[in-house]
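Biologist: Hey, I'm new to this one. Can you put it up and walk me through it?

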Amino acid sequence: MDRRDFIRGLAATTAIFALPGRGGAVAPVSDPALAAFIRGMPKSEYHVHLEGTLEAEMKFALAKRNGMNLPFADVAAMKASYIYHDLPSFLAIYYDGMKVLQKEPDFYDLAYAYLAKAASQNVIYAEMFFDPQEHLKRGVAMADMIGGITRARGDAEAKLGIRSQLILCFVRDHSAQSAMAALDAALPFKADLVGVGLDSDEAGNPPEKFREHFAKARANGLKVTAHCDVDQTDTLRNIRTVLTDLKVDRIDHGGNIVQSPELVAIAKARGIYFTVCPTFSGTLRRTEKVPVDVVRAMMDAGLKVTISSDDPAYMGSEYVDDVLIRAVERSQLTRAELIAIARNGFEAAWLPETDQSAMLARLDAYVKAA
Ligand code: ADE
Ligand code: ZN
């Protein structure tokens, strides 16, 4: 495959989206009324890595505050280095970037900035990932990570009206022991967590490596979700494992499921919601002769799709509005499908049903009035 076909790391502008990328050429938005409808719509987001919202400007500010030197002359040079061609090459940039996060106020600033951005796009509810093992190994205390993020969640809800919850992700390419140590360090703060997830490099790190971790999390009242990034080795085997063995409550990405009618049937029977991120994983390529649009194929298969931004700071600073607007065009979504995706976004919430219903009512009122 032509390496340029994979380039998704974005420089300062979004113009690169016009280049052939993983999802093919993306046309500019041609329906301003639809774009305005999406921007005004009450929304949710479930697949956003807080460390993936660490914008270059904030990296410089935190580095200065923490007395660190970064190997880039300026923001433009840093953004120009965000060039990757697959999951491991993306992760290398992402993990390197998060080293500036050292103290409680750093986690506060990171989370508050994301929540402010999301609130400005009418996101009324978000569930956000963080990767504690990467910070623990640098000596950051769990109390500082969860404390800073929780403080930001409280302030953002009070000042901006955006509600949010936090999901601890196990970094699957670290050892099972390190993941268990992270969970144990987090459990004293479990009231500030809603669930656990599984992210990072899937190759050689199948979900069953974390069976005990998921069981312990569940026993402590936490929900569980897992990344099944697209086109990974053994992807269908791993999707089966998370569905039938780990019995996750949601799947992050998971697009290859459309290649197995049997797994599609299991996911439907279990009412599984998928958090799809078309900017990063919008097309099946490696496992298909002809590229397949993930959102289109999942909608056609009758799966419960939600749409998120994943790591927007590394993906052209495109937050959920932009991602949804592009999805409508690239996946040829009808207005009814768009609204169904937005409704899924509240039905998937790890919240009491009454809270879900209140959010759905806000969405329905908006659609009715539009
Ligand atoms: N960590 C941050 N973003 C990720 C993604 N899309 N897949 C796996 N791990 C991640
Ligand atoms: Zn992700």
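Modeller: Sure. One term before we start: a polar contact here is a pair of N or O atoms within 3.5 Å. And keep in mind that this is a predicted model.

Biologist: Okay, which distance do you get between His253 and ligand 1?

Modeller: A polar atom in the His253 side chain sits 3.3 Å from a nitrogen atom of ligand 1. As for cover, the protein takes up 100% of the 260 Å² of accessible area that ligand 1 has on its own.

Biologist: What about Asp229 and His49?

Modeller: The side chain of Asp229 has an N or O atom 2.9 Å from a nitrogen of ligand 1. For His49, a polar side-chain atom is 3.2 Å from a ligand 1 nitrogen.

Biologist: How many residues surround ligand 1?

Modeller: There are 13, and the closest include Ser200 and Asp311. By type, the shell has 5 nonpolar, 4 polar and 4 charged residues.

Biologist: Which helix gives the most to that shell?

Modeller: Helix 4, residues 87-97, which gives 4 residues.

Biologist: Switching to the zinc ion, which residues are its protein donors?

Modeller: His47, His49 and His227 each donate through NE2, and Asp310 through OD, at 2.0 to 2.5 Å from the zinc. So His49 turns up again, as it is also among the closest residues to ligand 1.

Biologist: Are His47 and His49 buried or exposed?

Modeller: Both are buried.

Biologist: And what geometry does the zinc site have?

Modeller: Irregular, with angles of 82 to 175° among the 4 donor atoms.

Methods: Residues are numbered from 1 along each chain as its sequence is written. Chains are lettered from A and ligands numbered from 1 in the order in which they are written. This is a predicted model: local features need pLDDT of at least 70, side-chain atom pairs count only at pLDDT 80 or more; totals for chains, interfaces and linings use all residues. Side-chain values use heavy atoms; hydrogens and water are left out. A residue is near a molecule or strand if one of its heavy atoms lies within 4 Å of it. A polar contact is a pair of N or O atoms within 3.5 Å; within protein, one must be able to donate a hydrogen and the other to accept it, and residues adjacent in sequence count only if both atoms are side-chain atoms. Accessible areas come from the Shrake-Rupley method with a 1.4 Å probe; for residues, only the protein chains shown count as cover. Helices (H or I, at least four residues) and strands (E, at least two) are DSSP runs, numbered from the N terminus. Ala, Val, Leu, Ile, Met, Phe, Trp, Tyr, Cys and Pro count as nonpolar, Asp, Glu, Lys and Arg as charged, and the others, Gly among them, as polar. Donors are N, O and S atoms within 2.8 Å of the metal (3.2 Å for Na, K and Ca); water is not among the atoms, so sites may look incomplete. Four donors count as tetrahedral if all angles lie between 85 and 135 degrees; four count as square planar and six as octahedral if opposite donors are over 155 degrees apart and all others between 65 and 115; anything else is irregular. Buried means under 20% relative accessible area, exposed over 50%, partly exposed in between (1.4 Å probe, protein chains only).
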